[in-house]
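Trainee: I would like to work through this model one question at a time. Could you reason each answer out before you give the value or the name?

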Amino acid sequence: MSAQIISGKEVSAQVRQRLKNEVEQMKLHDPNFRPGLVVLQVGDRDDSNLYISMKLKAAAEIGINATHMRLPKTATEEEVLHSITEVNENSSVHGLIVQLPLDSVHQIDTEKVTNAVAPEKDVDGLTSINAGKLSRGDLGDCFIPCTPNGCMELIRQTGVSVAGKRAVVIGRSKIVGAPMHDLLLWNHATVTTCHSKTADLAGEVGKADILVVGIGKAEMVKGEWIKKGAVVIDCGINHVPDETKPSGKRVVGDVHYASAKEQAGFITPVPGGVGPMTVAMLMANTVLGAKRFLESHQPGKWNISYTKLNLQKAVPSDIVISRSVVPKHIGNLAREVGLLSDEVELYGKTKAKVQLNIIKRLQGQPDGKYVVVTGITPTPLGEGKSTTTIGLVQALGAHMKLNVFACVRQPSQGPTFGIKGGAAGGGYSQVIPMEEFNLHLTGDIHAITAANNLVAAAIDARMFHESTQTDKALYNRLVPLSGGQRKFSPVQINRLKKLGIEKTDPSTLTEEEITRFARLDIDPSAVTWQRVLDTNDRFLRKITIGQSPTEKGHTREAQFDITVASEIMAVLALTSSLEDMRQRLANMVVATSRSGQPITTEDLGVCGALSVLMKDAIKPNLMQTLEGTPVFVHAGPFANIAHGNSSILADKIALKLVGPEGFVVTEAGFGADIGMEKFFNIKCRYSGLRPHVVVLVATVRALKMHGGGPMVTAGMPLPKEYIEENLELLEKGCSNMKKQIENAKHFGVPVVVAVNGFKSDTAAELELVCSVAKAAGAFDAVRCSHWAEGGAGAVALGQAVQRASEAPSNFKFLYDLELPIADKIRIIAQKIYGADDIELLPEAQHKVELYTKQGFGSLPICMAKTHLSLSHEADKKGVPTGFTVPIRDIRASVGAGFLFPLVGTMPTIPGLPTRPCFYDIDLDPETEQVNGLF
């Protein structure tokens, strides 16, 4: 009786259909996901091209996104390895095949190239790592080479159990024989491998219940050698002469088929047996690779390790604590939180930038819980918002084992060398390394400085050139001849459209159109754009520019701001994509023309260059806390003339990474009346995100100051009111906390009060603050000791935040954008500050009319007011009443997207004190360690 034919064509068709169904299921789970395969070829061999076309066709049928990467015959080993590295780091590719042989004119080490493929993408199963795992039986953690894998699938189709059978493999190649031996062995067969030195090959074959042949010799195994009823798998492909065929030859296997099929129970034909299975199993490995990728990169599924703190009872200085912990390598942290290698740009070992393409990858995933940390009205005694933010995330992560991200602002370098010192939190709740955090980080602020000052240079250069040239000369220089032709740049086309000139040929403009296009006619007294510097320097608050003889007398008064006051910083914080940032930068109004028209950076032609300068700054910076939880440090706009919050992009990415049960904790600058109000009315309005919880930070001693406690002097001992129990003073000061709770509740979000404890606080004082807070409508009020204890000291706060996040939230904005400008200002002043009314001074009234006319009236409001009082007078503590807020002026940050009314005089570049911090800062030349930073 003849053997049953095992049809590789039929089985491979079944495998392909199964794979197609699996890919469809993947796409149902995530419509943007497709398994990815790259076939890397060197040279242009016809046989390789044929094999590759078969693989690409099979991939397309199944739904695999396959790419043929072709390198020329001149490719060197280094170029091949570079291409492999690129594919290894591409998260959209789950399988990489290096098509052999490598057809190059150069000597290339095939073994080295094969082993360069990442084991998790080695769908051929040829790397030493995959081969090693197979040889030791780790079948679930490796890729099995496609031909042996296909052979096993064919054996399964017979229904013959492999376990306990005697198997013989003829051939010991790395591609077929050796892995086939291992595969049969770990499927519990007793396996013998035969080869050219085997003494009695026919005798060994005759013992086999299962025979797999891959020796490469035509019809070498005879039928009479084969045990009756055996399963015979023929992997051979050989060409023998056959005059009856048009080609003069036919394909045969390593087994003499005609005689073998009379002995065997099951047999594979050649062709049509093992061959079709090889490609099918290659596709199966690719789909398996994609499945493994999805399993190991499930959003919100973190495998994170935390850093254990060695707490000291006498808390050391911040810098000593910071250096007591060895940070995790930032690449490891990135992997732990679900970032892929091609989504991360390492800046050394402790900081990295995250690519924006992660947003597309995670766009279908649910967001985590969103928490904003704010505070009572600040005092010189400090409330510890940053420390509480970091302590809270350390508690949620390292102690409560929840996925959590902190999103904080990058501090300005100016105050670091001035009076404030570092801004990375404090005690055992810090972002580390604090030197990196407080100094250059990844250069974002320097990029903003460069971009801002390019705009300033463009403004003055344009005014100078317009004043010294005729219309025609100006136009000819703006649209210069190149190759005998004039051509508008894209940004100039945009300006023409803005002017209503629908022309693209420079030679067709009329004289009137040339004048309108070429002349911005900037009013020097109406330039609102200033130069910036990230250094505290009081002598740049008012300067005269243009005093060199080369500027021909074109001088004007100007000023410097600190870099974080630049509108570009606010744009960075509020942008949602590169495209959005490009448009916001283009929309920035930098001056007004003599006819009253707003002049933008697009009019100046500089907006594209700004985007180039900012292309890296837009990527959030990844760092970590002392306890190893992740932190995004990104953007740091002023909290008075800007909105004082870290970037929307960092928050959005973090919310996707933590998953639906995780938390993102961000901090708003200054007190709740300023940073929190702007977080809700500006940041949340542009981001579309809805917060779950407000954490309001308060301290006993700061509340005592709001209750009428004496002023404090830097360097002098604290008055006894702040270090001794005084419940009366404290209760009076709690009025400020109650008002800020009320302010948060205006937005419909639950409030948890964090009472940041100090050694001098008594139990009765802490209890009083908590009870008053709860009576005022706080969801909960919790004592915290995270400064001294790290995350362990904020676990109760973390638990309260977790409970509050599950409470009903009815988030709403404070005002409608379509209200008149004055009405929006009035609502903020009355509801948030407690003012009776506002007073628009003449300049402010003029700006209301101007901005309304220019179409900016529907922008949100960003109040520029003192942070030291709910009122406009810094010395008025507690909850002032009976006051009217005077609006001195209103300015527009059109690119960022808000109007900022000025209440009083607002210094936009700090000065240095008598003894700046830089006296204590130095570098150890031996260790390169920064000393004295904090």
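Trainee: In the loop between which two strands is the place of Lys552?
Mentor: This is a predicted model, in which local features need pLDDT of at least 70 and side-chain atom pairs count only at pLDDT 80 or more, while totals for chains, interfaces and linings use all residues. Residues are numbered from 1 along each chain as its sequence is written, and side-chain values use heavy atoms, with hydrogens and water left out. Helices (H or I, at least four residues) and strands (E, at least two) are DSSP runs, numbered from the N terminus. On that basis, the loop that holds Lys552 lies between β21 (543-545) and β22 (556-558).

Trainee: Is Lys552 buried or exposed?
Mentor: Buried means under 20% relative accessible area, exposed means over 50%, and partly exposed is in between, with a 1.4 Å probe and protein chains only. Because its relative accessible area is 58%, Lys552 counts as exposed.

Trainee: Which sign does the phi of Lys401 have, and what is its value?
Mentor: Most residues other than glycine have a negative phi. Lys401 lies in the loop between α14 (385-399) and β15 (404-408), and it is exposed because its relative accessible area is 55%. Lys552 is not a glycine and yet has a positive phi of about 55 degrees. Lys401 is not a glycine either, and its phi is positive, at about 60 degrees.

Trainee: Which peptide bond that ends at Pro101 is cis, and which one ends at Pro271?
Mentor: Most peptide bonds are trans. Pro101 sits in the loop between β4 and α4 (110-116), whereas Pro271 sits in the loop between β11 (266-267) and α10 (274-296). With omega near 0 degrees, the first cis bond runs from Leu100 to Pro101; with omega about 0 degrees, the second joins Val270 and Pro271.

Trainee: What is the strand order of the open sheet of three strands, and which are its edge strands?
Mentor: Two strands pair if DSSP finds at least two bridges between them. By that criterion, three strands with parallel pairing form an open sheet in the order β3-β2-β4. Pairing on one side only marks the edge strands, which are β3 (65-71) and β4 (95-98).

Trainee: How many bridges join β2 to β3, and which residue of β3 stands opposite Leu40?
Mentor: Strand β2 (residues 36-42) runs parallel to β3, and the number of bridges that join them is seven. Within β3, the residue opposite Leu40 is Met69.

Trainee: What angle does the direction of α2 make with that of β3?
Mentor: Axes are lines fitted to C-alpha atoms, for helices over the stretch in contact, and angles run from 0 to 180 degrees between N-to-C directions. Contact here means heavy atoms within 4.5 Å. Helix α2 packs on the sheet and touches β2, β3 and β4, and its direction makes with that of β3 an angle of about 160 degrees.

Trainee: Which strands are the edges of the open sheet of six strands?
Mentor: The six strands pair in parallel and follow the order β1-β11-β8-β7-β5-β6. Inside this sheet, β5 (residues 166-170) and β7 (residues 210-213) pair in the parallel sense over four bridges, and Ala167 has Ile210 as its bridge partner in β7. Helix α7 (residues 177-186) lies across β5, β6 and β7, at about 170 degrees to β5. The strands that pair on one side only, and are the edges, are β1 (4-5) and β6 (190-194).

Trainee: Which residues is Thr592 in contact with, leaving aside its neighbours within four places in sequence?
Mentor: Thr592 belongs to strand β24 (residues 589-592), and it counts as buried because its relative accessibility is 18%. With those sequence neighbours within four places left aside, its contacts are Ile522, Asp523, Ala526, Gln597 and Ile599.

Trainee: How far apart in space are Arg136 and Asp182, C-alpha to C-alpha?
Mentor: Arg136 has its place in the loop between α5 (128-135) and α6 (146-158), and it is exposed because its relative accessible area is 56%. In sequence, Arg136 and Asp182 are 46 residues apart, and the C-alpha to C-alpha separation in space is 8.1 Å.
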